[in-house]
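Thanks for making room for me this morning. I would like to walk you through one chain, and I will put the sequence and the structure up before I say anything about either.

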Amino acid sequence: DNLPLIRHIARFGKPVIMSTGMQSIETIKASVDILVESGVEFALLECTNLYPSPPEIVSLQGVSELRAAFPGVPVGFSDHSIGPEMALASVALGACILERHYTDSRYRAGPDIINSMDPSELRHIIDRSREIWIAANNPKQRAEAEEAVYKFARASVVADKDLSAGHVITEADIWARRPGSGEIAGYEFDKVVGKQINRDITRNTQLKWSDFK
């Protein structure tokens, strides 16, 4: 919230990563306005300024709130918690920058060693955050790699009893069973009810749209 300092930094024209610890969306806006008006590239980091930061006061929701309040601005997470969990969770919420303290050894003395990552944890965070970022941005749809499983696992609408030509289908006459190789998928079950069949059909036969008048 140091507006003179923000203006001074912005005059250099260099990209800015601004931590927003101990601030609200309202108190951040003036600083953001300065950065926008200066034309510099900038990102905002959600942050809890306590070393270490217990989960009771860490705000992962802050990542979502910053993204909603400042659309188009890269949002990250400045993490002072113990372990990688909070940082990785923030990636799933859209954080694209992670900032953490680092130490080459946990056996060193220092006030922030307890919440600093060592080389093995750094490697873990890099690898897992990349995986989470990919998964978090995949749309809700069936993947090509799932096709073989889909054809086996999904259900097809079948006759649940022997049916005679001219019979009008009721819900009790049909069921949805594996495999999913039939023409009428299980999610189309309700579309079949009320239709009149044009041929004799034996129990467990997969139904086709051509079976109806």
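Let me begin with a question you can settle on the screen: which residue in β3 does Glu46 stand opposite? It is Phe77 that stands opposite Glu46, and please keep in mind, here and for everything that follows, that we are looking at a predicted model.

That pair sends us to the two strands themselves, since β2, covering residues 42–47, and β3, covering residues 75–79, run parallel and are joined by four bridges. Widening the view, we find an open sheet of four strands, ordered β1-β2-β3-β4, with parallel pairing. Because β1 (16–19) and β4 (98–100) each have a single partner strand, they stand at the edges of the sheet, and one side of each is left without a neighbour there. On average, and ignoring direction, neighbouring strands of this sheet are turned by 25 degrees against each other. Packed on the sheet is helix α2, residues 25–38, which touches β1 and β2 and whose direction makes about 175 degrees with that of β1.

Staying with β1 and α2, I would point you to the loop between them, where Met22 lies; the phi of Met22 is near 65 degrees, which is a positive value in a residue other than glycine.

The same two elements come up again when we turn to the largest pocket, which holds about 210 Å³ of space. Of the 14 residues lining that pocket, the closest to its centre are Asp1, Ser19, Thr20, Gly21 and Gln23. At least two residues of the lining come from each of α1 (3–10), β1 and α2, and the element that gives the most is α2, with three residues. If you sort the lining by class, you get five nonpolar residues, eight polar ones and one charged.

For those of you who check backbone geometry before setting anything up, there are two cis peptide bonds to mention. One runs from Tyr51 to Pro52, with omega near 0 degrees, and Pro52 is found in the loop between β2 and α3 (61–69). Another runs from Arg178 to Pro179, again with omega near 0 degrees, and here the proline, Pro179, is found in the loop between β6 (174–177) and α7 (189–192).

Finally, how is the chain divided into domains, and how far apart do the C-alpha centres of domain 1 and domain 2 lie? The domain assignment gives domain 1 as 3–137 and domain 2 as 151–211, and the C-alpha centres of the two lie 55 Å apart.

I will stop there and take questions.

How values were computed: Residues numbered from 1 in each chain as written. Predicted model: local features only at pLDDT ≥ 70, side-chain atom pairs only at ≥ 80, totals over all residues. Heavy atoms only, no water. Pairing = 2+ DSSP bridges. Axes fitted to C-alpha atoms, helices over the stretch in contact; angles between N-to-C directions. Contact = heavy atoms within 4.5 Å. Domains from an automatic or database assignment. 1 Å grid on protein atoms, 1.4 Å probe; cavity = no way out; pocket = protein on both sides within 12 Å on 5 of 7 lines; lining within 4 Å. Points joined across faces, edges and corners; volume = space filled by probe spheres on them. Nonpolar A, V, L, I, M, F, W, Y, C, P; charged D, E, K, R; others polar.
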